Number of protein chains: 2
Amino acid sequence: MTGFELDEKFLRSRRHAKWNMYKPDVIPAWVAEMDFALADPIRKAVAALSDQMDLGYPLREGGVAENAVGTAFSRRMKSLFGWDTDPKLVQPVADLVQGTFAPIMAFSEKGDGIVLQTPAYPPFYEAINTLARQLVANPLRDGADRYEIDFDALEASIGPRTRMVMLCNPQNPTGRVFSRAELERIGKIALAHDMIVVSDEIHSDLVHPGHEHIPFGSLSPELGARTITITSATKSFNIPGTRCAVLHFGTQELKDKFHERIPRRILGAPSIVGIDATIAAWDDSQPWLDEVLAYLTANRDHLARRVAADLPGVTFHKPEATYMAWLNCSGLKLDKPAQQFFLEEAKVGMSAGETFDPAYAHHARLNFATSRSILDEMIDRMAAAVARRGRSEAAA
Amino acid sequence: MTGFELDEKFLRSRRHAKWNMYKPDVIPAWVAEMDFALADPIRKAVAALSDQMDLGYPLREGGVAENAVGTAFSRRMKSLFGWDTDPKLVQPVADLVQGTFAPIMAFSEKGDGIVLQTPAYPPFYEAINTLARQLVANPLRDGADRYEIDFDALEASIGPRTRMVMLCNPQNPTGRVFSRAELERIGKIALAHDMIVVSDEIHSDLVHPGHEHIPFGSLSPELGARTITITSATKSFNIPGTRCAVLHFGTQELKDKFHERIPRRILGAPSIVGIDATIAAWDDSQPWLDEVLAYLTANRDHLARRVAADLPGVTFHKPEATYMAWLNCSGLKLDKPAQQFFLEEAKVGMSAGETFDPAYAHHARLNFATSRSILDEMIDRMAAAVARRGRSEAAA
């Protein structure tokens with residue numbers, strides 16, 4: 001037992017989506033949220049605002065409060081990755097999806113192509129489709145022990161109107177942390193074809209031991225000048241409802257070009273709660289995250305052992321980052337999507353593989369950021385469902 | 001003494017802009033924020049989020065949380081103004097300035113004209129200028145006991161590219177609550193010239209006795225179909241730091257047309273704190289606002305008596321709404337802007353008239369939403385500064 005595990009009764013007592021979207025007999029394992037108590041510095045920061053009734057026009061560090069998110073970002077990038085960034089090149093926004101729409105609108109035209117490694121987080125497709133851009137899918141290859149970028153296919157898919165790479169690193173849902181060699185190869189392609197790179201690095205502080213996150217914008221000045229990094233404390237520190245994220249531009253020129261089409265004020269601004277919670281997370285909550293990450297790594301390894309032992313027909317590559325397992329259920333030879341099978345038969349509510357890529361209905365994404373006992377209950381239910389199915393097939 | 005007055009020591013202990021922008025020897029009377037305690041329902045709603053650590057992906061009323069702001073808006077419009085609105089035609093956003101930029105970008109092109117009654121809230125100018133639209137200024141006339149719209153000048157100023165009226169009602173900084181006859185006349189002009197009306201009604205629940213706010217979008221179905229109403233609980237309920245506002249479109253067609261250019265997700269989303277605070281304000285905090293408004297009306301009348309008695313050379317029309325007095329200091333014949341004079345000589349920090357209109361440097365906007373004792377201290381300081389100046393001029 002740790003200090004941050006939360007029990008099911010408490011989890012069900014709250015009003016957020018994760019524990020309320022499915023019926024009460026279902027254990028949810030879908031949306032990227034952790035069943036853990038908040039870090040103390042974050043709780044204190046939020047409570048102070050309500051205790052002090054300090055919800056007026058906010059100032060921080062002697063200026064517009066949202067600018068303080070930029071300085072906190074720069075401190076964070078330096079301390080985690082040794083990356084020097086300029087807080088003035090940061091644009092705080094309310095959420096990360098906004099942060100994917102905005103660069104697409106700023107740096108491409110309708111009909112332009114946008115590269116995306118697939119399977120991918122559904123809002124990336126939404127952005128590309130809503131904005132009438134062309135998806136240039138670059139399917140990840142299922143390798144021996146990890147998913148890998150198919151560089152030959154990538155090069156072949158780029159046309160004269162392919163303007164942008166939408167990179168997600170660490171990758172969601174596969175959990176890949178791309179190596180320096182892989183990132184540099186993407187960079188070479190981006191330079192050769194004059195493409196902008198939008199690098200979603202929201203999972204970059206959820207990297208398991210043995211892997212290293214390298215910010216794409218830090219690879220070289222040439223690449224930095226064409227890279228927009230988007231990130232947020234909301235995923236790793238479990239505060240998505242506070243709505244605060246950042247876009248970082250590699251150069252002033254890139255930021256100016258962005259604002260020519262996307263005026264700063266069309267983006268709105270994060271609330272003071274989002275601002276203070278983000279700063280408390282990045283500046284003061286790393287000890288909490290260290291503990292949480294150790295727990296997540298142990299959960300990941302436990303899940304791998306149990307899937308191997310108790311879920312015949314299901315496999316997954318251990319994610320190198322994130323608290324998501326991208327379960328390959330094709331060995332079960334189901335006649336329905338895997339997510340639907342486990343929801344109906346095991347009352348475990350994962351994310352449907354087909355929402356990440358229509359070709360992946362035999363996959364489901366399992367969120368293992370929960371207490372070990374709840375995780376075991378999920379695996380028990382899934383194992384029982386698979387065993388029942390095996391018996392009924394044998395009897396048929 | 002009421003339950004919501006806050007003393008200077010507490011006000012200075014917080015981190016918001018109002019009491020921290022000027023030096024500590026200055027009493028601030030600028031930004032539109034009240035020196036009053038929050039309504040209990042709002043405090044409880046915010047505290048519950050932090051107590052429960054309920055900052056995950058939020059659900060309210062069984063769906064995406066921000067939609068609940070739309071239903072709260074509709075309940076509010078019905079209860080305050082008898083106006084029937086459709087929650088589905090509401091787009092929640094993070095702040096009202098975003099809500100002025102977005103319709104301009106959606107419904108006009110660069111170079112198009114936008115009518116604005118002046119003097120006006122500075123961000124309206126910022127929106128028109130940043131977006132390279134043309135300001136079609138419609139200066140308010142200083143009438144016998146109120147500012148009035150110059151309709152002849154308005155008609156004369158409209159050209160073929162005048163696409164939009166940016167209406168602020170109740171008007172900031174003059175405090176006018178436009179009458180039905182005035183609004184209908186604006187409506188007739190909008191129809192005749194096929195203009196969209198963006199109606200900023202953020203002060204509509206801060207109307208003093210004897211005046212009535214009429215939502216522009218409620219005038220007629222024809223006008224509703226070309227009206228975007230923007231409002232928020234942040235001004236009246238003193239929670240601007242929570243960042244939540246709404247755009248209401250008169251018809252689905254108007255909303256669809258808006259989203260053709262401004263995809264919903266480029267706007268971001270309000271935080272759960274902004275959402276819950278707004279709902280608590282609109283649904284449950286009217287008793288608090290009733291008391292506050294009575295206090296504000298009394299402060300307004302007290303200010304009028306004291307200005308007449310103690311500030312020779314200063315006049316103002318009693319605002320019909322808002323907690324702002326638009327002080328005309330031209331009788332002082334100052335050789336510097338009025339705001340600067342009172343800041344330097346009285347240590348009272350008002351908003352500078354020239355930021356609302358370059359022609360109004362002899363005006364200053366005084367925020368009287370503070371305890372009576374602080375208000376009196378401000379007037380005492382201002383009266384002493386005027387008296388000192390009178391003596392030194394007499395001696396010269």
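This is a short selection-by-selection tour of a predicted model with chains A and B.

**Stop 1: the two domains of chain A**

Begin by colouring chain A by domain. The assignment gives domain 1 as residues 8-31 together with 286-387, and domain 2 as residues 57-283. If you place a marker at the C-alpha centre of each domain of chain A, the two markers will sit 26 Å apart.

Now select the residues where the domains meet. Domain 1 of chain A puts 18 residues into this contact, and domain 2 of chain A puts in 24. On the domain 1 side, the elements to pick out are α11 (286-310) and β13 (324-328) of chain A, which each give two or more residues. Which element has the largest share of that side? It is α11(A), with 4 residues. Colour the domain 1 side by residue class and you will find 9 nonpolar, 5 polar and 4 charged residues.

**Stop 2: the seven-stranded sheet of chain A**

Stay in chain A and show the strands as a cartoon. Seven of them, the 7 strands β4-β12-β11-β10-β9-β5-β6 in that order, make an open sheet with mixed pairing. Look to the edges for β4 (90-93) and β6 (134-139) of chain A, each of which pairs on one side only. Follow the sheet across and the twist averages 20° from one strand to the next.

Zoom in on the β4 edge. Here β4(A) pairs with β12 (residues 245-249) of chain A in the antiparallel sense, over 4 bridges. A handy pair of residues to label is A:Val93 and A:Ala245, the latter in β12(A), which stand opposite each other.

Next add α3 (residues 67-81) of chain A to the view. This helix lies across β4 and β12 of chain A, and its direction makes about 120° with β4(A).

**Stop 3: a helix pair in chain A**

Keep α3(A) selected and add α10 (residues 272-284) of chain A. The axes of these two helices come within 9 Å and cross at roughly 15°. An angle under 35 degrees counts as roughly parallel, so α3(A) and α10(A) are roughly parallel to each other. The crossing is left-handed.

To see the contact itself, show these side chains:

- from α3(A): A:Ala68, A:Val69, A:Ala72, A:Arg75 and A:Arg76
- from α10(A): A:Ile275, A:Thr278, A:Ile279, A:Trp282 and A:Asp283

By class, this contact of α3(A) with α10(A) has 6 nonpolar, 1 polar and 3 charged residues.

**Stop 4: where chain B touches chain A**

Bring chain B into view and select the residues between the chains. There are 50 residues of chain B in contact with 50 residues of chain A. On the chain B side, look for α2 (40-51), β2 (59-60), α4 (96-107) and α10 (272-284), the elements of chain B that give two or more residues. The largest share, 5 residues, comes from α4(B). What does the chain B side hold by class? Colouring it shows 27 nonpolar, 13 polar and 10 charged residues.

**Stop 5: the four-stranded sheet of chain B**

Hide chain A and turn to chain B. Its 4 strands β1-β14-β15-β13, in that order, form an open sheet, again with mixed pairing. The edge strands are β1 (27-29) and β13 (324-328) of chain B, each pairing on one side only. From one strand to the next, the twist averages 35°.

Between the edges, select β14 (residues 348-352) and β15 (residues 363-367) of chain B, which pair in the antiparallel sense over 2 bridges. Label B:Ser351 and you will find B:Arg365 of β15(B) standing opposite.

Two helices are worth adding here. One is α12 (residues 338-346) of chain B, which packs on the sheet and touches β13, β14 and β15 of chain B; the direction of α12(B) makes about 170° with that of β14(B). The other is α13 (residues 372-395) of chain B, which lies across β1 and β14 of chain B and runs at about 100° to β1(B).

**Stop 6: a helix pair in chain B**

Finish with α3 (residues 67-81) and α10 of chain B. Their axes come within 9 Å and cross at roughly 15°, which makes α3(B) roughly parallel to α10(B). The crossing is left-handed. Among the residues to display in this contact are B:Arg75 and B:Arg76 of α3(B), along with B:Trp282 and B:Asp283 of α10(B).

Technical notes: Residues are numbered from 1 along each chain as its sequence is written. Chains are lettered from A and ligands numbered from 1 in the order in which they are written. This is a predicted model: local features need pLDDT of at least 70, side-chain atom pairs count only at pLDDT 80 or more; totals for chains, interfaces and linings use all residues. Two residues are in contact if their C-beta atoms, placed from the backbone, lie within 7 Å. Ala, Val, Leu, Ile, Met, Phe, Trp, Tyr, Cys and Pro count as nonpolar, Asp, Glu, Lys and Arg as charged, and the others, Gly among them, as polar. Two strands pair if DSSP finds at least two bridges between them. Axes are lines fitted to C-alpha atoms, for helices over the stretch in contact, and angles run from 0 to 180 degrees between N-to-C directions. Angles under 35 degrees count as roughly parallel, over 145 as roughly antiparallel, 65 to 115 as roughly perpendicular and the rest as oblique. A crossing is left-handed if the near helix is turned anticlockwise from the far one by less than a right angle, and right-handed if clockwise. Domain bounds come from an automatic or database domain assignment.
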